[in-house]
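Work through the exercises below with the sequence and the coordinates at hand. Each task is followed by a solution in steps.

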Amino acid sequence: ENNAVTAIGDGQVDLRLRGIAHYQAGGFWASLESGFDRRNGAPDDEFPLNLTLGASAGPVTIMPFYSGVSSQGGIDISDVGTLGGFPSTEEEYERFGVRAYGHVNDAFGITAGWLTTSDGKNTGDVEAFSIGVVFGG
């Protein structure tokens, strides 16, 4: 439905510009991704920011991360009905967590991760855990 709570951001085409910087020294590294999301419609434009640090020790890599989105305007979800509909509702969040990868052999690895939402506006209070298997060849 066009004005359902799940319609935040529906009805527009996003143009996304991204820049990525990566630095590595020995078994340590850092990656920064940011950019600008031009949202052609509603809601307003956004600035994403993602930072991941990494350290490898033998077959294990640990990667703490931060992820955030800053909206450049829009309406609050409490204003839907008086100032606009759900597609024009802004969404902002800050999340952090950690991922780990264990290299078992050349064809197999194990991954796990955890993240939580530390702050946000018009977004879900997400806390997640994941595990996975990586197959290579």
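**Exercise 1. Contacts of Phe96**

Task: State which residues Phe96 is in contact with, leaving aside its neighbours within four places in sequence, and place Phe96 in its strand.

Solution. The model is a predicted one.
Step 1. With neighbours within four places left aside, Phe96 is in contact with Phe65, Tyr66, Trp114, Leu115, Thr116 and Ser118.
Step 2. Phe96 belongs to strand β5, which covers residues 92–105.
Step 3. For a pair in space, take Phe96 and Ser67: their C-alpha atoms are 6.1 Å apart, although 29 residues separate the two in sequence.
Step 4. Phe96 has a relative accessible area of 37%. Buried requires under 20% and exposed requires over 50%, so Phe96 is partly exposed.

**Exercise 2. Layout of the sheet**

Task: Determine the order of the strands in the sheet and how they pair, then identify the strands at the edges.

Solution.
Step 1. Count the elements: the chain has 0 helices and 7 strands. Read from the N terminus, the elements run β-β-β-β-β-β-β.
Step 2. An open sheet of 7 strands has the order β1-β2-β3-β4-β5-β6-β7, and the pairing is antiparallel.
Step 3. The edges are taken by β1 (13–25) and β7 (127–135); each has a single partner strand, so one side of each is left without a neighbour in the sheet.
Step 4. From one strand to the next, the twist averages 15°.
Step 5. As a sample pair, take β3 (residues 46–57) and β4 (residues 60–71), which run antiparallel and are joined by 10 bridges. Within this pair, Phe47 stands opposite Ser70 in β4.
Step 6. The background to such pairing is that strands of a sheet pair through backbone hydrogen bonds, either parallel or antiparallel.

**Exercise 3. Salt bridges around Asp37**

Task: Find the salt bridges that Asp37 forms with Arg16 and with Arg18, and classify the three residues by accessibility.

Solution.
Step 1. The structure holds 5 salt bridges in total.
Step 2. In the pair Arg16 and Asp37, the closest N and O atoms are 3.5 Å apart. The pair links distant parts of the chain, with Arg16 in strand β1 and Asp37 in strand β2 (residues 28–40), 21 residues apart.
Step 3. Asp37 also meets Arg18 in a salt bridge, at 2.6 Å from N to O. Since Asp37 lies in strand β2 and Arg18 in strand β1, this pair ties together parts that are 19 residues apart in sequence.
Step 4. Classify the residues. Asp37, at 3% relative accessibility, counts as buried. Arg18, at 32%, counts as partly exposed, and Arg16, at 54%, is exposed.
Step 5. Extend the picture: Asp14, Arg16, Arg18, Glu33 and Asp37 are linked in a network of salt bridges.

**Exercise 4. The pair Asp45 and Arg38**

Task: Give the N to O distance of the salt bridge between Asp45 and Arg38, and decide whether Asp45 is buried or exposed.

Solution.
Step 1. The side chains of the two residues meet at 3.2 Å, N to O.
Step 2. Asp45 has 17% relative accessibility and counts as buried.
Step 3. Arg38, with a relative accessible area of 39%, is partly exposed.

**Exercise 5. Surface and nonpolar patch**

Task: List the residues of the nonpolar patch on the surface and name the strands that each supply at least two of them.

Solution.
Step 1. Start with the whole chain: its accessible surface comes to about 8300 Å², and 59% of that belongs to carbon and sulfur atoms. Of the 137 residues, 28% count as buried.
Step 2. The patch is formed by Val60, Ile62, Phe96, Val98, Trp114, Phe129 and Ile131, with about 650 Å² of accessible area together.
Step 3. At least two patch residues come from each of β4, β5 and β7.
Step 4. Check one member: Ile62 is in strand β4 and is partly exposed, with a relative accessible area of 39%.

**Exercise 6. Surroundings of Asp119**

Task: Locate Asp119 in its strand and state which residues Asp119 touches, not counting those up to four places away in sequence.

Solution.
Step 1. Asp119 sits in strand β6 (residues 108–121).
Step 2. Under the stated exclusion, Asp119 touches Tyr93 and Glu94.
Step 3. Asp119 and Tyr93 are 26 residues apart in sequence, with 5.6 Å between their C-alpha atoms.
Step 4. At 47% relative accessibility, Asp119 counts as partly exposed.

Key
Residues are numbered from 1 along each chain as its sequence is written. This is a predicted model: local features need pLDDT of at least 70, side-chain atom pairs count only at pLDDT 80 or more; totals for chains, interfaces and linings use all residues. Side-chain values use heavy atoms; hydrogens and water are left out. Two strands pair if DSSP finds at least two bridges between them. Helices (H or I, at least four residues) and strands (E, at least two) are DSSP runs, numbered from the N terminus. Axes are lines fitted to C-alpha atoms, for helices over the stretch in contact, and angles run from 0 to 180 degrees between N-to-C directions. Buried means under 20% relative accessible area, exposed over 50%, partly exposed in between (1.4 Å probe, protein chains only). Contact means heavy atoms within 4.5 Å. A salt bridge is a side-chain nitrogen of Lys or Arg within 4 Å of a carboxyl oxygen of Asp or Glu. Accessible areas come from the Shrake-Rupley method with a 1.4 Å probe; for residues, only the protein chains shown count as cover. Patches are made of residues with over 30% relative accessible area and no salt bridge: like charges are joined within 9 Å, nonpolar side chains (Val, Leu, Ile, Met, Phe, Trp, Tyr) within 5 Å.
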